[in-house]
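Visitor: I am new to reading structures, and I would like a close look at a single part of this one. Could you take me slowly through chain B, and then show me what lies beside it?

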Amino acid sequence: MMDIILETKGLTRAFGGLVAVDTVDLQIESNKITAVIGPNGAGKTTLFNLITGVYAPTDGEILFKGEPISKVLSRSGRHNRFRVIADSFINSLRYRSYQVSPVQRTKLGIVRTFQHVHLFGNMNVIENVMTGQHLRSSYGFFEAAFLLPKRHREETRITLNAKKYLNMVGLGQHENADAMSLPLGQQKLLAIARALATEPKLLLLDEPGAGLNRLEKQDLSDLIRRIRDMGITVVLVEHDMPLVMGLAEKVIVLDTGKKIAEGTAAQVQKDKRVIAAYLGEDEDEL
Amino acid sequence: MSRKILSQWRLLLIPVVITFMALVPFDWFLGQYKYLGTVIGLSTIVTVGLCLFMGYTGQVSLGQAAFYGIGMYFSAVLSSVHGLNPWLAMLIAACVTGLVALLLGIILRLKGNYLAMATLAVGFVVWKIAVIDDMGCTGGPDGIRGIPYLSIGSFEFDSQFKRYYLVWGFCLAILLISQSIVNSRIGRALRAVHGSEEAAESLGINVFRFKLKIFVVSAVYASIAGSLFAHHQLHASPGYFEPIDSVYLVIMAVIGGLASIWGAIFGAGAVEILRNEILIHYDKWNMVILGLILMVILILMPEGLFVALKTGYQQEGVFFIPRRIWRLARSLYSGIKGFHRRKIAGSLQGEPD
Amino acid sequence: MTWEQFQQYIVIGIQDGSIYALIGLGFTIIYAVTNIINFAQGEFVMLGGMCSYMLVDSVDVPTTPTVIIALLCAAAIGALIHLLWSRQTSRLMLSSMVVLLLGSIPLVLFLYGEFASMEMPVGIASFLPILMVAAVGFIMYLLGIQTARRPTTVGLIIITIGAALVIRGIAGVIWGDKMHRTPLYWEQRTIDVLDATVHTQVLWILATMVIVAILLQLFLSRTMLGKSLKACAHNPIGAGLMGINPKMMALIAFALAAAVGGAIGAVMTPKVGMTYESGFLYGLYGFVAASLGGFRSPIGAVIGGFLLGIGRALIIGVDWWLFNSDYKDVWPMVILVVILLLRSNILAEEERLG
């Protein structure tokens with residue numbers, strides 16, 4: 001029984017004249033590992049940004065668990081400067097679209113990691129992961145300043161959870177190391193642990209395998225499968241074909257902003273349009 | 001030099017420093033510096049707020065003195081003209097300042113350059129409003145007098161001696177509170193914002209709201225300091241929070257270290273001692289030296305002097321000398337020794353027959 | 001307010017506005033090329049005035065600091081000239097040494113030696129400060145900005161604040177607390193235009209402004225160097241790939257902005273006088289002017305300057321509620337914050353909506 005956790009309808013994002021994502025319809029099934037692939041500049045990272053709410057779409061909508069989190073209400077052709085000034089004064093007109101903010105989306109359970117990791121260099125390993133638990137804890141300034149019991153309770157819980165996730169990705173013994181002192185492969189694992197600490201429902205991994213060697217990629221695959229088994233839906237953007245083919249249960253292919261194919265790894269590999277997109281139009285070469 | 005000895009030595013340092021500071025106001029010790037000590041304490045309170053703000057948002061506030069002034073004036077007016085209990089006045093002043101900071105918070109949406117200018121503008125406007133005294137309640141350029149002392153029950157803080165402890169008591173409390181905030185989830189969120197705003201947002205931390213919170217906190221700290229000052233000097237006037245004072249506060253924060261809490265004492269102390277004791281004899285050179293210090297620190301150690309010294313020490317430095325300088329000194333020393341040896345050897349070999 | 005009064009206020013507005021326009025121009029030059037807001041811009045203006053005073057009157061100034069500064073200035077002038085000529089930094093040291101010897105001798109002689117009692121004609125006394133202040137800007141960039149490690153935007157701002165403090169302090173040491181005035185260029189103090197009285201020095205200020213604006217425009221659009229500066233402003237990395245050295249460009253931008261500041265300072269001192277603290281307020285006004293123009297456009301800064309000047313004058317004139325002479329300095333600040341917010345808001349909206 002297919003359970004769609006995330007769906008996009010006609011999702012479009014243009015930057016001036018450049019259309020980065022072009023009327024993309026896709027459906028992400030829950031508890032499965034989906035991969036989004038495509039040549040460079042296909043719009044994969046923009047797609048992630050749209051899903052996490054960093055960008056607002058120019059057109060189309062995004063539904064999370066059936067509820068719209070991003071919906072364009074009205075399109076006003078070419079927007080000009082005056083319209084923008086007016087809009088920014090009048091709040092109700094400001095949202096020509098309905099947008100759930102990035103922070104809210106994280107609360108709902110949509111979390112991403114970054115291609116360039118973006119760890120918090122001023123903290124150690126476990127503190128990075130503990131930061132991920134921020135939304136799942138609630139004590140405020142007052143309790144923090146005066147060391148009230150609520151703070152102590154929550155800090156213990158946060159620390160325990162952080163250790164759990166660190167162990168899950170295999171970084172348990174590096175708890176107190178400086179975050180930036182880890183090699184790249186482990187930094188990526190740390191980023192994943194941090195994202196897991198937010199207790200997400202949908203985890204978006206942006207090129208998790210980039211810069212890893214074969215062994216590390218093997219460990220990464222195992223980790224992703226374990227994450228899926230925990231009940232989290234995983235979507236990853238990747239360039240490494242063998243990694244994707246071995247891991248993904250569904251593959252979506254983008255090229256210059258459009259979706260050109262989807263299906264299982266095997267189906268997509270044979271698709272003529274996919275081959276053309278990656279290798280160019282010259283089929284005589286094949 | 002064994003680091004173990006040094007770290008134990010650090011633990012000893014704390015009670016030594018505390019005893020030192022506690023004994024300062026006694027006349028047989030450093031009694032003549034009571035007033036200076038109190039001023040340093042007040043400046044530290046403001047500086048901690050500024051250090052936290054600048055450290056965690058990565059922005060400059062060139063208008064912090066304005067919040068100091070608001071606290072000072074509200075305390076002054078409410079307790080003298082309207083006869084309110086000074087403690088209540090201080091509380092109200094802090095709330096008002098917090099509110100003002102909250103409303104002004106929208107300027108935090110501006111980028112670095114522009115925010116700096118906006119805060120400068122704010123600092124200037126608040127000061128000017130106090131000077132103009134349109135509604136006759138701030139006493140104009142002369143300010144307000146007749147402010148009562150703070151008191152607990154029948155115990156009045158009527159001497160420099162008593163006020164020294166009052167101010168430092170507040171200062172210590174604020175430092176400890178700040179420390180516990182930084183170690184908490186709030187502190188982690190702030191450090192996250194400082195480390196990578198993008199990643200922080202992705203974890204659900206509302207970056208703008210946190211910047212706003214730390215801005216308000218720094219304003220409230222400044223307000224408390226201002227109120228304490230009003231009950232100390234017994235005079236509130238615009239001369240105590242001119243726009244240039246905001247710049248001096250930035251210098252204190254920079255010397256102390258931008259995200260550092262205890263370093264604020266160092267920063268405030270350094271600047272106040274320089275300004276009031278050493279450079280007062282050199283008049284305008286005051287500005288020059290402080291400006292130069294500011295530039296040198298920002299050029300060489302953008303994270304602040306105290307923090308740089310601390311990290312330098314942690315990275316296998318000796319005492320507080322950062323590794324770089326230690327290595328430089330050592331290589332110079334061995335270079336000179338080597339040169340000397342070669343000279344001796346050379347003079348034996350190279351002698352012409 | 002009567003029609004005559006209105007005209008008078010407009011005239012006053014234009015008088016002040018021309019000053020703000022030029023200061024704003026200085027901000028724009030540096031910001032456009034380097035993205036740095038130079039808090040020392042106001043101090044450059046102050047220096048221009050002070051230097052012209054020093055040259056004209058040759059009064060008692062403490063010898064040692066001025067001699068050192070004179071030497072530095074001469075060195076910097078020499079280096080600057082060499083730069084514009086050959087654009088090779090490697091020979092900077094050599095040429096600095098040479099010009100240091102050549103250039104400083106007449107300067108020091110003039111101040112303290114043979115010609116000390118002579119009064120320099122005001123015209124020349126106003127031109128030399130331009131070079132001297134340009135030299136200061138030059139030094140400031142070399143020592144302060146270029147040497148910074150891992151410069152953050154905010155860090156650079158603080159550095160310029162430090163530089164402003166240093167310059168102000170040294171000026172205070174050299175010239176003391178008093179206000180200094182230089183003689184008017186023209187004997188006649190005022191002339192009447194329509195129903196209003198115009199101060200003659202203002203005509204000189206306006207003339208300076210026009211000349212500077214034209215020269216700047218020509219420089220930026222016609223000469224190779226100017227075009228390189230503009231290229232750097234748009235895209236420093238791309239410009240670098242084209243063989244343009246962004247550090248050099250920044251250096252020239254600083255010297256240029258300082259020169260402009262010095263020019264306006266020299267030309268306005270006969271009218272308004274100058275103290276070592278004047279720089280702060282003028283810098284602030286110049287900043288507001290530049291912000292009205294969007295920071296990157298020199299023309300915008302000029303228009304902004306005039307708007308600011310006229311606005312201020314009218315606020316004084318209107319004298320209603322909070323718009324009176326007490327608050328004449330407050331409103332520009334408020335407008336500044338509002339404009340900054342609006343602009344950032346607009347930029348953010350455009351980015352979001354694509």
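Guide: The secondary structure of chain B comes to 14 helices and 4 strands, and of the 353 residues in this chain, 52% count as buried. When we take the contacts in chain B between residues at least 6 apart in sequence, 73% of them join residues at least 24 apart.

Before going further, please keep in mind that this is a predicted model, and that the mean pLDDT of chain B is 81, with 81% of its residues reaching 70 or more. Among the elements of this chain, helix H9 of chain B, residues 207-233, has the highest mean pLDDT, at 93, whereas helix H14 of chain B, residues 323-349, has the lowest, at 61. Over residues 317-321 of chain B the pLDDT stays under 50, although the model has 10 contacts beyond four places in sequence for them. Residues 347-353 of chain B are also below 50, and this stretch has 0 contacts in the model beyond near neighbours in sequence. Where pLDDT is low, the predicted coordinates should not be read in detail.

With that caution in place, let us turn to a pair of helices. Helix H3 of chain B, residues 64-80, packs with helix H4 of chain B, residues 86-104, at an angle of about 145°, and their axes are 8 Å apart. The crossing of H3(B) and H4(B) is right-handed. On the side of H3(B), the residues that make the contact include B:Phe67, B:Ile70, B:Gly71, B:Phe74 and B:Leu78, while among those of H4(B) are B:Ala89, B:Met90, B:Ile92, B:Val96 and B:Val100. Sorted by class, the contact of H3(B) with H4(B) has 13 nonpolar residues, 4 polar ones and no charged residues.

Next comes a helix to look at from all sides. In helix H7 of chain B, residues 185-195, 10 of the 11 residues are buried, so this helix is largely enclosed by the rest of the structure. The buried residues of H7(B) include B:Arg185, B:Arg188 and B:Arg191, as well as B:Ile186, B:Leu190 and B:Val193. What do the buried residues of H7(B) pack against? Their partners come from two chains, with helix H5 (125-132) and helix H6 (141-145) belonging to chain A, and helix H2 (34-57), helix H6 (160-182), helix H8 (197-202) and H9 belonging to chain B.

A single residue can also be followed across the chain. B:Gly263 has its place in helix H11 of chain B, residues 263-278. Because 27 other C-beta atoms lie within 10 Å of B:Gly263, this residue counts as buried, the cut-off being 20 or more. B:Gly263 and B:Val48 are 215 residues apart in sequence, yet in space they are 8.3 Å apart, C-alpha to C-alpha.

Now we can move to the side of chain B that touches chain C, where 37 residues of chain B are in contact with 35 residues of chain C. The elements of chain B that give two or more residues to this side are helix H5 (112-132), helix H10 (243-256) and helix H12 (285-300), and H12(B) gives the most, with 12 residues. By class, this side of chain B has 26 nonpolar, 6 polar and 5 charged residues.

Finally, let us look at chain A, which has 12 helices and 11 strands. Of the 286 residues of chain A, 41% count as buried. In this chain, 5 strands form an open sheet in the order E2-E1-E4-E5-E6, with antiparallel pairing. E2 and strand E6 (97-99) of chain A stand at the edges, and each has a single partner strand, so one side of each is left without a neighbour in the sheet. From one strand to the next, the twist averages 20°.

Within this sheet, strand E1 of chain A, residues 4-15, and strand E2 of chain A, residues 18-29, run antiparallel and are joined by 8 bridges, and A:Thr8 stands opposite A:Leu26 in E2(A). The hairpin of E1(A) and E2(A) has 2 residues between the strands, and in it A:Gly16 takes a positive phi near 65°. Strand E5 of chain A, residues 67-72, pairs with E6(A) in the antiparallel sense over 3 bridges, and A:Lys71 stands opposite A:Tyr98 in E6(A). Helix H1 of chain A, residues 44-52, lies across E1, E2 and strand E4 (59-64) of chain A, running at about 65° to E2(A).

How values were computed
Residues numbered from 1 in each chain as written. Chains lettered and ligands numbered in written order. Predicted model: local features only at pLDDT ≥ 70, side-chain atom pairs only at ≥ 80, totals over all residues. pLDDT = per-residue confidence, 0-100. Contact = placed C-beta atoms within 7 Å. Axes fitted to C-alpha atoms, helices over the stretch in contact; angles between N-to-C directions. Left-handed = near helix turned anticlockwise from the far one by under 90°. Nonpolar A, V, L, I, M, F, W, Y, C, P; charged D, E, K, R; others polar. Buried ≥ 20, exposed ≤ 12 C-beta atoms within 10 Å, placed from the backbone. Pairing = 2+ DSSP bridges.
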